[in-house]
Amino acid sequence: MQITLELKPNAALDTEALVTYVFEDNNGPQGRIAELDQLTGGLLSRLHKSGELTGKSLETTLIHAPAGLKAARLLLIGAGKREQLNTASLRKVAGVALRYLKSRSVHNFVFAVRESAANEETAQAITEGFVTADFETDKYKSEKKNHKSIDSAAIAGYSDSEKAAGEKGIARGRIIADAQNFARDLVNEPSNKLTPKILAEKAEAMAKEAGLAVEVLDEKKIADLKMGALLSVAQGSVEPPRMIVITYTPAQAPKAGAPVVGLVGKAVTFDTGGISIKPADGMEKMKYDMAGGATMIGIMRALAALKPNVKVICVVPATENMPGGKAQKPGDIQTAMSGKTIEVLNTDAEGRLILADGVHYAKQLGATHLIDAATLTGAIVVALANVNVGVFGSDQAWTDKLLASAKQAGEKMWQLPMDDEYREFIKGSFADIQNIGSGKGGGSITGAWFIREFAGDTPWIHLDIAGTAWNDDAKPWLAKGPTGVALRTIVQLVMSL
Ligand code: BES
Ligand code: ZN
Ligand code: ZN
């Protein structure tokens, strides 16, 4: 799909569909909409008066052959309250426009931004909305969505002097959204098509193409480095584990003492639970238990193109969690790379085990500021449903930066507490720590505390994306399935350093 800027006035836009958005207020058509209203002989005023055009969030009104316009269709999308409009709502509106028109076999359209919104951030958000909305999960379907496709989308409403900003926004939005779709594509792969080895190969190919340094540790190297926690999860599977390391080094050396960001992503390509096996119902979804790793790999792809002046090290431990004859069993005691001993009371709490070695290794490679992302706990779904990412941090200044970036990137995230009391829950009876909490409740927090044990004094953030990395139902702006959540936020954070 091609995305361009279109500088023509509304009436002259020669397109299959002209799209814009309307607000929910009682004042009737204003600004750019008033102009369209006049061109169409008062049609929009009449629709507004009759109650058909309310501006309610994501309401769609399609008008065919609108008189006075060159466009074949006029699509109006509700944007909610005028004063609440922001880049997050525009991103959604743009996504709704694309999916609505694509499903009706339209191939090109122009999206007109309203007055005073013609800036770089808007163009970026709309582009991100288009590109992420265009993603489909029909890779393995013989019949692709009836060959419906959007060939070109344009953004209008920019003047000559705003053009440069608009084009910059489009370029940036494209890079970020392409990376998000790249991550979603990995998450969508079933476990028979995406083993740890194949994930590593795909990451390696991406890194080489993007000009990033990459190293993949195989099972032998992992054993040499004594990554006992990762190995303990992998030992139940015939598929060998991998530790994927991708490094972005800026062309200009950052100042001495500048932060080195370590991104660690959980990549369990399939989580059966191991010997503490999961119920059959819904187990097929556990192919997405590598979403944290995919997100981090996708972030590296975006950073290679955006070129921030920050060094970033991405570490992705990848394995299956299987109940094979060699699988670890409840009660087994493992020694992590850091030397800490772990009592594995539940083999289904495997994400924290592999992250223990991932986080330790990222520190050893020089990371001074850590972020991990993981589909870690079912408990986060209980706490925050599929709405917010769970955020946990050991350093409030670092965590605040992430939360601010999430706001800017339009991703909902909510911080949960990390009081010392919760740490008691994972004190081990027979080893240094145990991999599940002994207390009742707080399952996401004890999971976070377990990982924090390995981050030590290094500022660290943990993102529990178990509830948000997968859409169980299609949204009007996004297909059912992988969401690529947290990618935009972390890219935004790195770019802001
Ligand atoms: N991958 C799961 C977490 C998960 C659950 C992700 C639901 C997506 C949807 C994780 O490895 C797991 O099984 N966690 C256990 C931990 C428990 C044994 C302490 C859980 O949440 O039940
Ligand atoms: Zn599990
Ligand atoms: Zn898991």
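The following exercises, with worked solutions, concern two helix pairs and a ligand site in a predicted model.

**Exercise 1.** Determine how helix 5 is oriented relative to helix 9.

*Solution.*
Step 1. Helix 5 covers residues 163-188 and helix 9 covers residues 291-306; they pack at an angle of about 155 degrees, with their axes 8 Å apart.
Step 2. Angles over 145 degrees count as roughly antiparallel.
Step 3. Helix 5 is therefore roughly antiparallel to helix 9.
Step 4. The residues in contact include I175, A179 and F182 of helix 5, and A294, I297 and G298 of helix 9.
Step 5. By class, this contact of helix 5 with helix 9 has 13 nonpolar, 2 polar and 3 charged residues.

**Exercise 2.** Determine how helix 3 is oriented relative to helix 4.

*Solution.*
Step 1. Helix 3 (residues 87-103) packs against helix 4 (residues 120-134) at an angle of about 40 degrees, and their axes are 7 Å apart.
Step 2. Roughly parallel requires an angle under 35 degrees, and roughly perpendicular requires 65 to 115 degrees.
Step 3. Helix 3 is therefore oblique to helix 4.
Step 4. The crossing of the two helices, helix 3 and helix 4, is right-handed.
Step 5. Their contact divides into 7 nonpolar, 4 polar and 6 charged residues.

**Exercise 3.** Identify the residues closest to ligand 1 and describe polar contacts made with it.

*Solution.*
Step 1. Ligand 1 is surrounded by 16 residues, of which K278, D289, D348, E350 and G378 are the closest.
Step 2. A polar side-chain atom of D289 lies 2.8 Å from a nitrogen atom of ligand 1.
Step 3. In G378, a backbone N or O atom lies 2.7 Å from an oxygen atom of the ligand.
Step 4. An N or O atom in the side chain of D271 is 2.9 Å from an oxygen atom of ligand 1.

Conventions
Residues numbered from 1 in each chain as written. Chains lettered and ligands numbered in written order. Predicted model: local features only at pLDDT ≥ 70, side-chain atom pairs only at ≥ 80, totals over all residues. Heavy atoms only, no water. Axes fitted to C-alpha atoms, helices over the stretch in contact; angles between N-to-C directions. Helix = DSSP H or I, 4+ residues; strand = E, 2+ residues; numbered from the N terminus. Contact = heavy atoms within 4.5 Å. Nonpolar A, V, L, I, M, F, W, Y, C, P; charged D, E, K, R; others polar. Near = heavy atom within 4 Å. Polar contact = N/O pair within 3.5 Å; in protein donor to acceptor, adjacent residues only side chain to side chain. Left-handed = near helix turned anticlockwise from the far one by under 90°.
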